[in-house]
Amino acid sequence: MNKTVRIVLNGQEREVAAGSMLASALLTLGVRGFRRSVKGELRGPLCGMGVCQECRVTVDGRPHSKCCMIVCRDHMKVETE
Ligand code: FES
């Protein structure tokens, strides 16, 4: 079993731990701004359990995906702000 998977983050291939949740993987990669609020402020994960919706990113073309609820998969395409 592989211990890592490769995701494509904003067009760049990155290696993350297999089985990790996407929000924690992005934080581990140094991402701090996941999306922007209507006022333009950078937002990031708050609750980590699918409630606050602050962690929304685009995953495989699907906008507003709550990445704290998504397990990283090989070749997953992720777009943040
Ligand atoms: S961190 Fe709150 S919904 Fe994802």
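**View 1. Who lines the largest pocket in this predicted model.** Sort the lining residues of the largest pocket by character and you get three nonpolar, three polar and five charged. By name, the lining is made up of Phe-34, Arg-35, Arg-36, Arg-56, Val-57, Thr-58, Pro-63, His-64, Glu-79, Thr-80 and Glu-81. As for the space itself, the volume of this pocket comes out at about 180 Å³.

**View 2. The strands behind the pocket lining.** Strand E3 (35-36), E5 and E6 are the elements that each put two or more residues into the lining of the largest pocket. E5 gives the most, with three residues. Look for Arg-56, Val-57 and Thr-58 among the lining residues here; strand E5 itself covers residues 56-59.

**View 3. The E5–E6 hairpin.** Here strand E5 (residues 56-59) runs antiparallel to strand E6 (residues 62-66), and the two pair over three bridges. To get your bearings, find Val-57, whose bridge partner in E6 is Ser-65. Val-57 also turns up in the lining of the largest pocket. Just two residues sit between the strands of this hairpin, and Asp-60 in the turn has a positive phi of about 50°.

**View 4. E5 and its pairing with E7.** Strand E5 also pairs with strand E7 (residues 77-79), again in the antiparallel sense, this time over two bridges. The residue to zoom in on is Val-59, which has Val-78 of E7 as its bridge partner. Glu-79, one of the residues of E7, is part of the lining of the largest pocket.

Methods. Residues are numbered from 1 along each chain as its sequence is written. This is a predicted model: local features need pLDDT of at least 70, side-chain atom pairs count only at pLDDT 80 or more; totals for chains, interfaces and linings use all residues. Side-chain values use heavy atoms; hydrogens and water are left out. Two strands pair if DSSP finds at least two bridges between them. Helices (H or I, at least four residues) and strands (E, at least two) are DSSP runs, numbered from the N terminus. On a 1 Å grid over the protein atoms alone, a cavity is a set of points where a 1.4 Å probe fits but cannot get out, and a pocket is an open set with protein on both sides within 12 Å along at least five of seven lines; lining residues have an atom within 4 Å of a point. Grid points are joined across faces, edges and corners, and a volume is the space filled by probe spheres set on the points. Ala, Val, Leu, Ile, Met, Phe, Trp, Tyr, Cys and Pro count as nonpolar, Asp, Glu, Lys and Arg as charged, and the others, Gly among them, as polar.
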